[in-house]
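Visitor: Could you walk me through a structure before I head back to the bench?
Guide: Gladly; have a look at it here.

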Amino acid sequence: MSLYSFLIILGSGVVTWLPRVIPFLLVRKLQLPEIVIRFLSYVPICILTALFVQNLFIVKQGEFPTFNLEYCLAAVPTIVVAILTRNLMWVVITGMSCMALIRYFIL
């Protein structure tokens, strides 16, 4: 690997890392109001829901969105496990296992 490639990889890592670390460094000394803390507690749920629902549909220009069948089939047991266990590890294992089985047997 050349020095140029190494510097590109290192620079990409720093640019990715800084926006994640700087907010923690700035907020560490501040005491946020309770309403801001409550608001921020919903942000991860909203982001994950948006990412999850976005992947359930296939969008084509000028057409009505259609369901992505394999993702929808994998989502059903994954949602059931999420509701029953409320354990992130089991949810991830279920989702990955369902996708693997669907892709192996159906597609």
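What follows is a short round of questions and answers.

Guide: A word on ground rules: this is a predicted model, where local features need pLDDT of at least 70, side-chain atom pairs count only at pLDDT 80 or more, and totals for chains, interfaces and linings use all residues. Residues are numbered from 1 along each chain as its sequence is written, and side-chain values use heavy atoms, with hydrogens and water left out.

Visitor: In what pattern do the helices and strands of the protein chain follow along the sequence?
Guide: Helices (H or I, at least four residues) and strands (E, at least two) are DSSP runs, numbered from the N terminus. The protein chain has four helices and two strands. Read along the sequence, their pattern is α-α-β-β-α-α.

Visitor: What is the radius of gyration of the protein chain?
Guide: This value is taken over C-alpha atoms, and the globule rule is 2.2 Å times the number of residues to the power 0.38. For 107 residues that rule gives 13 Å, and the protein chain is well over this, so it is more spread out than a compact globule. Its radius of gyration is 20 Å.

Visitor: What share of the 107 residues is buried?
Guide: Buried means under 20% relative accessible area, exposed over 50%, and partly exposed in between (1.4 Å probe, protein chains only). Cys 98 is buried, at 16%. Over the protein chain, the buried share is 14%.

Visitor: How many disulfides does a search of the whole structure find?
Guide: A disulfide is a pair of cysteine sulfur atoms within 2.5 Å. For Cys 98, the closest cysteine sulfur is in Cys 72, 13 Å away, which is too far for a bond. The count for the whole structure is zero.
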